[in-house]
Each structure stands twice: as C-alpha cells, then as structure tokens.
Amino acid sequence: MPLTVAAIRYTDDLPAMREFLEVLGLSPAVTSSGWVDLHAGAGRVWLHSAGDADSPSAAGQTNLCFESSDLIGLAERLGTTYVDETFGASLMITDPLGDEVQINSVHADTYGYRTHEPTPDASTCVVAVRFTDPAGPYVRFLRTLGLERSMSAADGTYAQFSAGTGAVGLHVGDGTSLTGRSGALVSLCLTTARDLDTVAKDLQDHGYADATVTHADDSRSVHVTDPDGQQLQIRAA
C-alpha cells in the first residue's frame with residue numbers, strides 16, 4: 001500500500017510560495033484560491049492559506065502528512081478507523097512526539113478545484129524532516145507505516161526513510177537552526193540531482209538573493225530563505 005509523503009505548508013503568501021517552489025522544480029496539479037497541490041518528482045507539497053485553516057496555524061508552519069492509495073487497508077493494519085468527509089477519506093494518528101499526522105486517501109474528485117497536468121523535475125524529492133532521535137521510537141512509527149531506511153549519516157545525527165514516493169528525515173535537535181523557532185513540527189527540505197551551483201543561481205536570478213551553496217563535512221547543500229521566512233535546504237540526491 002504505497003504512501004506518498006506530503007508536507008503541508010501554511011502560508012500568508014500562497015502565490016509567492018508557489019512561485020518559489022516552481023523555481024525548484026515542483027509543479028501544480030490542483031489549485032484554488034487557498035490551496036495548491038504541488039508535485040515533485042517524488043513527494044508533494046500542499047500549500048494552504050494560513051488564514052483559511054480549520055485550526056490555528058502560523059504562517060510558515062509545516063506539518064507531516066501522507067496520501068495512501070489504500071486507506072482502508074492501512075486503517076485495518078493500524079487498528080484504527082478512517083472518516084469519510086466532504087473532501088474525501090482520511091485518518092489521524094498520533095506520532096511518538098505527540099503530534100497528529102493526517103493520512104488522506106487518493107482523491108479522484110477534485111471538488112471543483114482547477115486541475116493541471118503536473119510536469120515536475122523528475123529528480124526532485126520532497127523530504128519532511130522531523131527533529132528527533134534518528135534511532136529512537138520514530139523509526140518504529142515510520143516502519144509501521146511502510147517506510148524503510150534509505151540513508152544514514154555516519155555520525156548518527158540524521159537518517160532518512162523512503163515511502164512509495166517522497167521521504168521523511170529524522171534529525172537530532174529541535175530544528176531551531178533551520179526554522180528559527182524551537183520545537184518546529186517539520187522542516188521542509190528537498191533533494192535534487194541538479195547541479196547545486198545551478199540551483200543556487202536560478203534562485204538568485206528569481207530574486208532569492210541569499211541562496212548559497214554551503215559545505216558541511218563531505219556534503220554540499222543550498223540554503224535559502226523562502227517567502228514565509230523559513231530556511232529551506234536543498235541537498236544533492
């Protein structure tokens with residue numbers, strides 16, 4: 001039962017966030033005045049207007065979500081129930097950090113939203129990073145959902161788990177260095193097979209002047225401030 005990793009970002013400037021992510025190779029599949037479903041080569045980013053959210057959500061907040069092609073089977077395996085509402089079926093589970101994670105069914109009905117044929121950069125992958133022990137209880141949680149470890153840092157500070165499409169990263173710390181706030185739910189990151197110097201230049205050419213390639217140990221990545229004021233990291237795939 002393949003899962004798609006989806007990072008939902010609440011934003012005060014949906015058009016600017018959409019343009020920013022399109023520069024990075026994501027492409028819209030469904031749009032409305034308060035919602036954009038952007039596809040990467042692997043994984044999704046769902047942009048949601050912060051002012052239209054059902055529950056209070058700060059602009060720049062990112063949450064971990066999934067989409068399942070077999071929500072009924074997943075609910076049975078997890079021993080929980082799903083709800084079928086106006087915009088499709090979903091289930092909520094509590095992760096080891098005490099936060100709710102939403103899993104949606106694949107929606108065949110777009111409920112009047114505008115649809116597009118997405119053409120993402122096939123090499124771009126969405127990585128939703130949680131700040132927790134990469135060898136702790138979150139590992140079992142992800143494996144229960146069907147994700148498997150795809151890479152680990154040699155020093156044990158980071159591990160990445162892949163789903164059917166997209167990935168979840170587990171990083172030590174509280175995320176302050178990436179998000180500017182302690183206890184961040186999720187940091188939105190990307191990986192790409194594109195040349196990182198070219199990625200940084202493309203961002204600079206589109207007005208994101210602080211996009212820079214940084215070096216840490218043996219790895220390189222692009223760091224840039226997104227329109228919500230959050231740090232986004234793009235790593236080599």
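Buried means under 20% relative accessible area, exposed over 50%, and partly exposed in between, computed with a 1.4 Å probe on protein chains only. The model is predicted, so local features need pLDDT of at least 70 and side-chain atom pairs count only at pLDDT 80 or more, while totals for chains, interfaces and linings use all residues. Residues are numbered from 1 along each chain as its sequence is written, and side-chain values use heavy atoms, with hydrogens and water left out.

**Exercise 1. Decide whether Asp228 is buried or exposed, and find the partners of its side chain.**

Step 1. Locate the residue. Asp228 lies in the loop between strand S16 (219-225) and strand S17 (231-236); helices (H or I, at least four residues) and strands (E, at least two) are DSSP runs, numbered from the N terminus.

Step 2. Apply the cut-off. Asp228 counts as buried because its relative accessibility is 15%.

Step 3. List the polar contacts. A polar contact is a pair of N or O atoms within 3.5 Å; within protein, one must be able to donate a hydrogen and the other to accept it, and residues adjacent in sequence count only if both atoms are side-chain atoms. The side chain of Asp228 makes one of 2.8 Å with the side chain of Arg9 and one of 2.7 Å with that of Thr11.

Step 4. Add the surroundings. Contact means heavy atoms within 4.5 Å. Not counting residues up to four places away in sequence, Asp228 touches Arg9, Tyr10, Thr11, Asp12, Asp13, Met17 and Gly60.

**Exercise 2. Work out which side of helix H5 (residues 196-205) is buried, and what that side packs against.**

Step 1. Pick out the buried residues: Leu196, Val199, Ala200 and Leu203.

Step 2. Check their directions. These residues cover an arc of only 95° around the axis, so they are on the same side of H5; the arc is that of the directions from the helix axis to the C-beta atoms. An α-helix has 3.6 residues a turn, so residues three or four places apart point the same way.

Step 3. Name the partners. The buried residues of H5 pack against helix H1 (14-23), strand S14 (187-192), strand S15 (212-216), S16 and S17.

Step 4. Inspect the two ends. At the start of H5, a side-chain oxygen of Asp195 comes within 3.2 Å of the backbone nitrogen of Asp197. After H5 comes Gly207, with a positive phi near 100°.

**Exercise 3. Trace the nine-stranded sheet and find its edges.**

Step 1. Write down the order. The open sheet runs S6-S7-S8-S5-S1-S4-S3-S2-S9, with mixed pairing; two strands pair if DSSP finds at least two bridges between them.

Step 2. Identify the edges. Strand S6 (83-85) and strand S9 (114-115) each have a single partner strand, so one side of each is left without a neighbour in the sheet.

Step 3. Follow the pairs around S3. Strand S3 (residues 35-39) and strand S4 (residues 44-49) run antiparallel and are joined by five bridges; Trp35 has His48 in S4 as its bridge partner.

Step 4. Place the helices. H1 packs on the sheet, touching strand S1 (3-11), strand S2 (27-31), S3 and S4, and its direction makes about 165° with that of S4. Helix H2 (residues 71-78) also packs on the sheet, where it touches S1, strand S5 (62-68), strand S7 (88-94) and strand S8 (100-105), at about 25° to the direction of S7. Axes are lines fitted to C-alpha atoms, for helices over the stretch in contact, and angles run from 0 to 180 degrees between N-to-C directions.

Step 5. Finish with S2. Five of its five residues are buried. S2 is joined to S3 by four antiparallel bridges and by a hairpin of three residues, while two bridges join S2 to S9, also antiparallel.

**Exercise 4. Describe the largest nonpolar core.**

Step 1. Define the set: buried Ala, Val, Leu, Ile, Met, Phe, Trp, Tyr and Cys residues joined through side-chain atoms within 4.5 Å.

Step 2. Give its extent. The largest core has 26 residues, and Phe20, Leu21, Leu24, Leu203 and Ile234 have the most contacts inside it.

Step 3. Assign the sources. H1, S3, S4, S14, H5, S16 and S17 each supply at least two residues, and the largest share, five residues, comes from H1.

Step 4. Separate the other core. Another core, of 25 residues, lies apart from this one and includes Ile93, Phe141, Leu145 and Phe161.
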